[in-house]
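Biologist: I'd like to learn how to read a few features in a structure. Could you walk me through them?

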Amino acid sequence: GIQLDESQPGFRHFFIKPQANKNIGWVKGNYHSINGNIEVSWTNKDNAFALSVSVPANTEATVVMPDGKTQKVGSGKHEFKTLLK
């Protein structure tokens, strides 16, 4: 899920917190913010979880993976992978 950071209006900073489900193979979504398009997609095959995130210019995102690992990223396209238990 794409979630607003209430302390930074206008999606200058936001959270990406995908809710992985072993019964769902893929998800794709986007949100057109005032700063540009936020895009998120993920796949889950054989418990190998792959996340792709596109962060608009002049914004930041905190990505929280299903395994609990967290990383802050700036604008651009980012890829993350983990194994689900």
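**Reading rings, burial and strands**

Modeller: Let's start with a cluster: F11, F14 and Y31 are joined by ring pairs. Keep in mind that this is a predicted model.

Biologist: How many aromatic pairs does the structure hold?

Modeller: There are 3 aromatic pairs. As a general idea, ring centres must lie within 6.5 Å to make a pair, and planes under 30 degrees apart count as stacked, over 60 as edge-to-face and the rest as tilted. For F11 and F14, the centres are 6.1 Å apart and the planes meet at 55°, so this pair is tilted.

Biologist: And what about F11 and Y31?

Modeller: F11 and Y31 make a tilted pair too, with 4.8 Å from centre to centre and 35° between the planes. This pair links distant parts of the chain, 20 residues apart. F11 sits in the loop between β1 (2–4) and β2 (13–16), while Y31 belongs to strand β3 (residues 26–33).

Biologist: Is F11 buried or exposed?

Modeller: The general idea is a cut-off: buried means under 20% relative accessible area, and exposed means over 50%. F11 has 13% relative accessibility, so F11 counts as buried. F14 is buried as well. Y31, with a relative accessible area of 39%, is partly exposed.

Biologist: Which residues does S33 touch?

Modeller: Leaving aside residues up to four places away in sequence, S33 touches F11, I38 and P56. S33 is part of strand β3, and its relative accessibility is 4%, so S33 counts as buried.

Biologist: Now the strands. In what order do the 4 strands of the open sheet come?

Modeller: The order is β1-β2-β6-β7, and the pairing is mixed. To find the edges, look for strands that pair on one side only: here they are β1 and β7 (70–73). On average, neighbouring strands in this sheet are turned by 25° against each other, ignoring direction.

Biologist: How many bridges are there between β1 and β2?

Modeller: β1 and β2 pair over 3 bridges, in the antiparallel sense. To see a single bridge, go to Q3, whose partner in β2 is F15.

Biologist: Does anything else go on at F15? What lies over the face of that ring?

Modeller: K17 does, at 5.1 Å from the ring centre of F15. So F15 is worth two looks: once as the bridge partner of Q3, and once as the ring with K17 over its face.

How values were computed: Residues numbered from 1 in each chain as written. Predicted model: local features only at pLDDT ≥ 70, side-chain atom pairs only at ≥ 80, totals over all residues. Heavy atoms only, no water. Phe/Tyr/Trp six-rings, centres within 6.5 Å; stacked < 30°, edge-to-face > 60°. Buried < 20%, exposed > 50% of the residue type's maximum accessible area, 1.4 Å probe, protein only. Lys NZ or Arg CZ within 6 Å of the ring centre and 35° of its normal. Contact = heavy atoms within 4.5 Å. Pairing = 2+ DSSP bridges. Axes fitted to C-alpha atoms, helices over the stretch in contact; angles between N-to-C directions.
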